[in-house]
Amino acid sequence: WIPVIDLMAPNVVELIGHACETWGIFHLTNHGIPSSLIHDVESQARRLFSLPTEQKLKVLRSAGGATGYGAARMVPFLTKYLWHEGFLIAGSPIEHASVLWPHDHKTFW
């Protein structure tokens, strides 16, 4: 099971560190993020990853870049491999979104 971590736990830093080292993922509780925002992010992630591979490859992370679409190990500072595929966003995703959805990209960000 994916580790569930309470942000208010006194040893939260150790719990997160352990989850990242062993799983590469965790479920965080008591974070204060509205469920509506979480739902919107999940919807946009489904929208992104349901695109055909050829479309996602248009925003493939460059060899020296840090953002964009990728599979397996996307960036050298991630020691764990992704379970399937990923999309790394740093800052605004508008540039990538406008390539993926030229006429409907504003809802992504």
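**Valine 59 and its surroundings in a predicted model**

Valine 59 is in contact (heavy atoms within 4.5 Å) with Gly68, Tyr69, Phe87, His96, Val99 and Leu100, when residues up to four places away in sequence are not counted. The model is predicted: local features need pLDDT of at least 70 and side-chain atom pairs count only at pLDDT 80 or more, whereas totals for chains, interfaces and linings use all residues. Residues are numbered from 1 along each chain as its sequence is written, and side-chain values use heavy atoms, with hydrogens and water left out.

The protein contains 4 helices and 4 strands, assigned as DSSP runs (helices, H or I, at least four residues; strands, E, at least two) and numbered from the N terminus. Along the sequence, these elements follow the pattern β-α-β-α-α-β-β-α. The mean pLDDT, the predictor's confidence in each residue on a scale from 0 to 100, is 83 for the protein, and 85% of the residues score at least 70. Among the elements, strand S1 (residues 4–6) has the highest mean value, 98, and strand S4 (residues 85–88) the lowest, 77. Where pLDDT is low, the predicted coordinates should not be read in detail.

The accessible surface of the protein amounts to about 7,700 Å², and 63% of this area belongs to carbon and sulfur atoms; areas were obtained by the Shrake-Rupley method with a 1.4 Å probe, and for residues only the protein chains shown count as cover. Of the 109 residues, 25% are buried; the classes of relative accessible area are buried (under 20%), exposed (over 50%) and partly exposed (in between), with a 1.4 Å probe and protein chains only. Of the contacts between residues at least 6 apart in sequence, 32% join residues at least 24 apart.

Valine 59 occupies the loop between H3 and strand S3 (68–71). This residue counts as buried because its relative accessibility is 3%. Its C-alpha atom is separated by 6.0 Å from that of histidine 96, 37 residues apart along the chain. Histidine 96 belongs to helix H4 (residues 94–100) and is buried, with a relative accessible area of 16%. Beyond its neighbours within four places in sequence, histidine 96 contacts Val59, Thr67, Gly68 and Phe87.

Glutamine 55 is placed in helix H3 (residues 53–56) and, at 18% relative accessibility, is likewise classed as buried. With residues up to four places away set aside, glutamine 55 touches Val99 and Leu100. The C-alpha atoms of glutamine 55 and leucine 100 are 6.6 Å apart, although 45 residues separate the two along the chain. Leucine 100, under the same exclusion of residues up to four places away, touches Leu48, Leu51, Gln55, Lys56 and Val59.

The largest nonpolar core consists of 8 residues, namely Leu48, Leu51, Val59, Tyr69, Phe87, Ala97, Leu100 and Trp101. Such a core is a set of buried Ala, Val, Leu, Ile, Met, Phe, Trp, Tyr and Cys residues joined through side-chain atoms within 4.5 Å. In soluble globular proteins, nonpolar side chains tend to be buried together.

The charged end of arginine 47 sits over the ring of tryptophan 101, 4.0 Å from the ring centre; the criterion requires NZ of Lys or CZ of Arg within 6 Å of the ring centre and within 35 degrees of the ring normal.

Two further residues concern helix H2 and the loop that precedes it. Isoleucine 38 lies in H2 (residues 35–49) and counts as partly exposed, since its relative accessibility is 31%. Apart from residues up to four places away, isoleucine 38 touches His31 and Ile33. Asparagine 30 lies in the loop between strand S2 (27–29) and H2, and its phi is near 60°, a positive value in a residue other than glycine. Most residues other than glycine have a negative phi.
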